[in-house]
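Reader: Please pick one part of this protein and take me through it closely, in plain terms. I would like to know how that part sits against the rest of the chain.

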Amino acid sequence: MTETNHARAATRKFASRTLAGSDILLIGGSGGIGSALVAQLVAQGVDTVIVASHQPATGEAALPNVQSEFVDVTQMASVQALAARLQG
């Protein structure tokens, strides 16, 4: 099987999965590709937590099942505080 065929097979396998009801923690979900991914996840019924270092695009935080968290992922204390908030 060629590399292209492997990629196609993996895409088909992933595409057949349902993520509805899953919890997703998405780092970098506030702009560009991440924002588009959030929209797709919400459309599939996923509960999404967006972790961003800046304010999400207008309207993104208003999507159903989306919780925005502003975290500096380069700082361990900030990441630990996020984990505590999400567990509690």
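Author: Helices and strands here are DSSP runs, with at least four residues for a helix and at least two for a strand, and they are numbered from the N terminus. Counted in this way, the protein has three helices and three strands. Along the sequence they follow the pattern α-β-α-β-β-α. The model is a predicted one. The part to look at is helix α2, which covers residues 33-43.

Start with which residues of this helix are hidden. A residue counts as buried when its relative accessible area is under 20%, and as exposed when that area is over 50%. In α2, the buried residues are Gly-34, Val-38, Leu-41 and Val-42. Looking down the axis of α2, these buried residues fall within an arc of 95°, so they line one face of the helix. The spacing has a simple background. An α-helix has 3.6 residues a turn, so residues three or four places apart point the same way.

The other side of the helix can be described as well. Ile-33 and Ala-43 are exposed and belong to the face of α2 turned away from its buried side. Ala-39 is another residue of α2. Its relative accessible area is 39%, so Ala-39 counts as partly exposed, between the two cut-offs of 20% and 50%.

Next comes what lies over the buried side. The cover on the buried residues of α2 includes strands β1, β2 and β3. Two of the buried residues, Val-38 and Val-42, also belong to the largest nonpolar core, where they are joined by Leu-26, Ile-50, Ala-52 and Val-66. That makes six residues in this core. The elements that give two or more residues to the core are α2 and β2, the latter being residues 47-52. For scale, buried residues make up 22% of the 88 residues in the protein.

A loop residue also touches this helix. Leu-63 sits in the loop between β2 and β3. Leaving aside neighbours within four places in sequence, Leu-63 is in contact with Val-38 and Val-42. Distances between C-alpha atoms give a further view of this arrangement. Ala-39 and Leu-63 are 24 residues apart along the chain, and their C-alpha atoms are separated by 8.1 Å. From Leu-63 to Ala-43 the C-alpha distance is 9.8 Å, with these positions 20 residues apart in sequence. Leu-63 has 31% relative accessibility, and therefore counts as partly exposed.

Now follow the chain out of the helix. Just after α2, Gly-45 takes a positive phi of about 85°. The C-alpha atom of Gly-45 is 7.9 Å from that of Ser-22, although the two are 23 residues apart along the chain. Ser-22 lies in the loop between α1 and β1. Apart from neighbours within four places in sequence, Ser-22 is in contact with Val-46 and Asp-47. With a relative accessible area of 25%, Ser-22 counts as partly exposed because that value lies between 20% and 50%.

One of the strands over α2 has a link of its own. Strand β3, residues 66-70, is part of the cover on the buried residues of α2. Glu-69 forms a salt bridge with Arg-85, and their closest N and O atoms are 2.8 Å apart. Glu-69 is in strand β3 and Arg-85 is in helix α3, so the pair ties together parts that are 16 residues apart in sequence. The two partners differ in accessibility: Glu-69, at 10%, counts as buried, whereas Arg-85, at 44%, counts as partly exposed.

Another strand over α2 can be followed outward too. Strand β1 is part of the cover on the buried residues of α2. A nonpolar surface patch of about 540 Å² is made by Leu-25, Ile-27, Val-73, Met-76, Val-79 and Leu-86. β1 and α3 are the elements that give two or more residues to this patch. The largest share, three residues, comes from α3.

How values were computed
Residues are numbered from 1 along each chain as its sequence is written. This is a predicted model: local features need pLDDT of at least 70, side-chain atom pairs count only at pLDDT 80 or more; totals for chains, interfaces and linings use all residues. Side-chain values use heavy atoms; hydrogens and water are left out. Patches are made of residues with over 30% relative accessible area and no salt bridge: like charges are joined within 9 Å, nonpolar side chains (Val, Leu, Ile, Met, Phe, Trp, Tyr) within 5 Å. Accessible areas come from the Shrake-Rupley method with a 1.4 Å probe; for residues, only the protein chains shown count as cover. A salt bridge is a side-chain nitrogen of Lys or Arg within 4 Å of a carboxyl oxygen of Asp or Glu. A nonpolar core is a set of buried Ala, Val, Leu, Ile, Met, Phe, Trp, Tyr and Cys residues joined through side-chain atoms within 4.5 Å. Buried means under 20% relative accessible area, exposed over 50%, partly exposed in between (1.4 Å probe, protein chains only). The arc is that of the directions from the helix axis to the C-beta atoms. Contact means heavy atoms within 4.5 Å.
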